[in-house]
Structure formats: structure tokens, C-alpha cells
Amino acid sequence: MATHLVQKPGESTWYVRMAVPADVRHAFGGRSKLIKTTGTSNRAEAMDRRLPILAQWKADIAAAREQKLNAGDQWKIAQHQVGLTIQSQRAEAANLLFTPIDLNSPPPEPPKRSPALIKEFRQYADDFRADGQNEFADRLSNHADKFAAAIEKGMTSTVAMELQNDLLAIWADGEAFIKAYEYHLSDEEHKEAKAIANNPKMYKPVSPITDGRLDKFRTQRVKDSIANKTIDQQESKLKKLSNYLRDQGKPLSNETVADWLESLNVASKTKSQYLLAGSTFWQWAMRHDAHWKELHQGQDNPFKDQALPKLSGKAKVAAARKAFTKEQIESLYKVAKTQNNQTLCDLIELGSHTGCRIEELAQLRKESVVKAEGVLSFKIEDSKTAAGIREIPVHPSIQTTVERLIKDSADGFLLPATSGNKYGIRSDSLSKAFGRIKTAEGFGKQHVFHSVRSMVITLLLRAGVVGPTVANIVGHETGIVTFDVYDEGASPRQKLEALKELVFNFN
């Protein structure tokens, strides 16, 4: 492995040296290598001091490459548009010259008179020659001569098409010359600019949402303690947008985002999640990515104020999740029992007597069963919200089940489950098992395990349990300062009495 340490002839001091890749030397004043003193003749010290120097150089090289990539895409996008315009004009000319005239259609607008065009070409040639661009001057002069000769001999459709192609080729090369001057293109890049104008299909757009930016975005989100699942989901959505920008060859703009949303065959709610992912990335990039900020200077966040279709009341009801009824959950329990799926029976029983979320149940351990003010309770120590951290009395009907689960536990958890998914969600296998059984029994997307939680809340409220006590049991905020901030909540005994309203026939 290269140490990047050298000593100059006659010197004992160690220097750090690194070669500059050819593609970014323009950003380093054309230098082919970088060299900097470590300020020490002790090699061990020099080994340590070189690290921040090398890290900075590598960061500068990476930044130069990304800047070149983005700048490169700008001139390529412009050339691509030139190529598309040239293609269109070539097709229009061919259609005009070789399609039989439709006598029933209005005649096309007559072009400029030939003498006027020839005069314009010669004037442009003189302008190019005055600027020292003799090649373009000669090409335009030759084109004018060919044009004049064709008129004198009698213009045919074939000759007219040849002249049109000749003029379009001069235009394409002229645009490439301008891009080479504006963007300081290398000879190879200048050739590519010419090629793109003549064959726009060869251009593959580069999205500003690059893999490098997504990596940096992920790093920041991890530092902000955002859940890995949320990070992955948003990154997936951003990659879909990036692919769309590449495929369509479009910039990131309000109109492009609107078109992209229109192309997605997903619900309005899901489109809102796409917009949230995009807006979060945009805000991060404008704050932490200097080149992004420069690239989009003066541009408003294109993910804001996007119009999404609104569901009618009927459609909202049809799409909303529904609570199970007491009879429905009892029926599902019996099916699980018939299939000898004891774990699923226990899951249904615990959920129906607590209103817990499925992951809260999956995370219950033997030590989660505690006494709270003398009442046997489940201690929920981690939840989606602060209100979710709570104690839930163990319903008398499930005390025997809980004792069995504690006794039979092999890994400390009350409910056995296969290892969690890549996000550490232990309930994944339990959720899938429940999903299979409820689907087999004819329940659709409106009914999920969370519908058990909805059922518990509904049953408690209909039994006359007051709202704040129900919220204390299931771990909801009430939205009222009196209850959410100042009230200590219902006592374990009060919650137990409320839960006794839940009565099921699980046999």
C-alpha cells in the first residue's frame, strides 16, 4: 500500500505527495501532482500527519469530479436539445419536400426568398471570419455557393434535402463549438458534443440526485437517529425519481416533479410520501451541499405545493382500515386453533385484551410483566411515541396464558418469533402469519392486525370507558393539554377495571 510519503534530495523532512487524476487536473491549476510538507523528519509522526492531508485532497478530488459531472450534464443536456431540434427540422423538411401536396389543405407558409437566405449565409460567414473562425466561415460560404448554384440549375427535392442537411450539420458543429468554449471542454468532450447534436439518442442524462449525494444524505439521517427503515424507504423513492429524470432527460423542476407524480400508479397518500422524501432531501442538499445550492440557486423547492387528487368521502371510507368486530376476531382465533398455531392464538389473545401494537407485543419479555401499584401489568418500555411508554394491566382472562408464556420462553420473549427482519422488527413473521390467516378467511387490505387495536378502542368506548382512560391504555395522546401534560393518567386499578369490559369467547 502506498504511503504517499517522500523526501526531497538532501532533505530529511517528509512530504506528502499524491498524483492528481487527469480528469480533475483543471480544478488544481493543471497540476499533475500535489505535494505538502508534514513538518517533521520523524517517519512515524509523518505517517500520522499525512492522514488529514490525504483526506482533504481526496475530498477535493471527489468534489471536483462531482462538480464536473454536474457541469458536464448541463452542456450535454443543451446539446441533446439541439440534437432533438435538428432531428425535428430534418423530419419537417423531408415531409415538406417528399410528401405529395394535399390540395384540400392550406398551403404552408412560404420560406424566405432564396436571395435573402444566401445573403444571410454570406453575412454569417463574414462574421465568423472576423472572429477568426475560418472553418465555419468557409463552410457557410461553400453552403451559400451550393445554394446559389442549385437555384440557377433548378432546385430539386433531393438537392434541397442535401442543402438542408448540410446547413443542419453546420449548426450542430457550431453549437458544439460554443459549448466547448463556454465549458472549457477537452478535445474528446468537444467530439462528444458534436456527436450528441448529430445523434441525441447517445446522450444518457445524469440526475442531480447522484449516488454520492444519497450516501451523504443517508449518513446525515443516521446521525439524526432516523430509523433505518424510514431511511431506506425514502432513499428508494429518491432513486425512482432519479431514474425518471435520467430516462426523460429532464431537469429537477416543479413541472418535472408533477409529471413524475402523474406517472406513478399509486394512491394519493403514497404520492404524499414521495413528496415528503423529495422535500426532505431538497432541504438537506440546500443546507449541506454547496454545489447543489449553486446549481439550484433561486429555485423554489419543487416538491412543495404539488396538487394531489383528493379522495371523496366515499373513497376515503372505502380505503380506510376497519376495526374487527368481537365475532370476527373470535372466528380468526378459532381458525388459528384449528390449525394448531398456538403462537398465533396467543398473539390474538394478547392483542385483544391490551390493544397493543403488534411490535409492542413481540417485544414483551418475561421481565416486562411487573407489578404496578400492586396490579400485575405489562410494562411497555419502547413505543412509537412518548405516550406509548406505559403499563397495561394484565386482563384476568389472560393471566394463565401469560404464566404459560413466561414458563415456556426459550429466549426471554413471551411470544416466540423467527429472527427479526433487517430492521430488527421482531413482529415481521407474526404479522405475516396473521396476514395469511385473515386473507384466507376473506378479509382484505382494510383489515390488518392493527384492526385488533381499533377493535379494543371501539369496544372500550362503547362500554362507557372515558376517552382519557382509553388513551392511557393504548398509548395515545388526547390532544388536550390538561390530560397530556398535567394529568398523571388513570391508575393501574382504574385501567384494570376498564379492561374488564373486554370479554371474548376464545376457546
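Here are four short exercises with worked solutions on the structure above.

This is a predicted model, in which local features need pLDDT of at least 70, side-chain atom pairs count only at pLDDT 80 or more, and totals for chains, interfaces and linings use all residues. Residues are numbered from 1 along each chain as its sequence is written, and side-chain values use heavy atoms, with hydrogens and water left out.

**Exercise 1. Find Ile170 and decide: is Ile170 buried or exposed?**

Step 1. Let's locate the residue: Ile170 sits in helix α4, residues 157-183. Helices here are DSSP runs of H or I with at least four residues, strands are runs of E with at least two, and both are numbered from the N terminus.

Step 2. Now apply the cut-offs: buried means under 20% relative accessible area, exposed over 50%, and partly exposed in between, using a 1.4 Å probe and protein chains only. Ile170 counts as buried because its relative accessibility is 6%.

Step 3. Look for its neighbours. Leaving aside residues up to four places away in sequence, Ile170 touches Phe136, Arg139, Leu140 and His143; a contact means heavy atoms within 4.5 Å.

**Exercise 2. Follow Arg139 to its salt-bridge partner.**

Step 1. Start from the rule: a salt bridge is a side-chain nitrogen of Lys or Arg within 4 Å of a carboxyl oxygen of Asp or Glu. Arg139 has such a bridge with Glu135, and their closest N and O atoms are 4.0 Å apart.

Step 2. Place the pair. Both residues belong to helix α3 (residues 134-153), where they are four residues apart, about one turn of the helix.

Step 3. Check accessibility. Arg139 is partly exposed, with 22% relative accessible area, whereas Glu135 counts as exposed at 51%.

Step 4. Widen the view: the whole structure has 21 salt bridges. Arg218, Asp232, Glu235 and Lys239 are linked in a network of them.

**Exercise 3. Work out how β4, β5 and β6 pair, and which salt bridges involve β6.**

Step 1. Two strands pair if DSSP finds at least two bridges between them. Strands β4 (residues 369-372) and β5 (residues 375-380) are antiparallel, with four bridges, and Val370 stands opposite Ser377 in β5.

Step 2. Visit the turn: two residues lie between the strands of this hairpin, and Glu373 takes a positive phi near 55°.

Step 3. Move on to β6 (residues 390-393), which pairs with β5 in the antiparallel sense over four bridges. Ile380 has Arg390 in β6 as its bridge partner.

Step 4. Arg390 also forms a salt bridge with Glu360, with the closest N and O atoms 3.0 Å apart. This pair links distant parts of the chain, since Glu360 lies in helix α14 (residues 358-362) and Arg390 in strand β6, 30 residues apart. Both Glu360 and Arg390 are buried.

Step 5. Another salt bridge joins Lys379 and Glu391, whose closest N and O atoms are 3.1 Å apart. Lys379 is in strand β5 and Glu391 in strand β6, 12 residues apart. Lys379 is partly exposed at 30%, and Glu391 is partly exposed at 28%.

**Exercise 4. In what order do the strands of the open sheet β1-β2-β3 lie, and which strands are at its edges?**

Step 1. The three strands follow the order β1-β2-β3, with antiparallel pairing.

Step 2. The edges are β1 (5-7) and β3 (33-37), each pairing on one side only.

Step 3. Strand β2 (residues 14-19) is joined to β3 by five bridges, and Tyr15 has Thr37 in β3 as its bridge partner.
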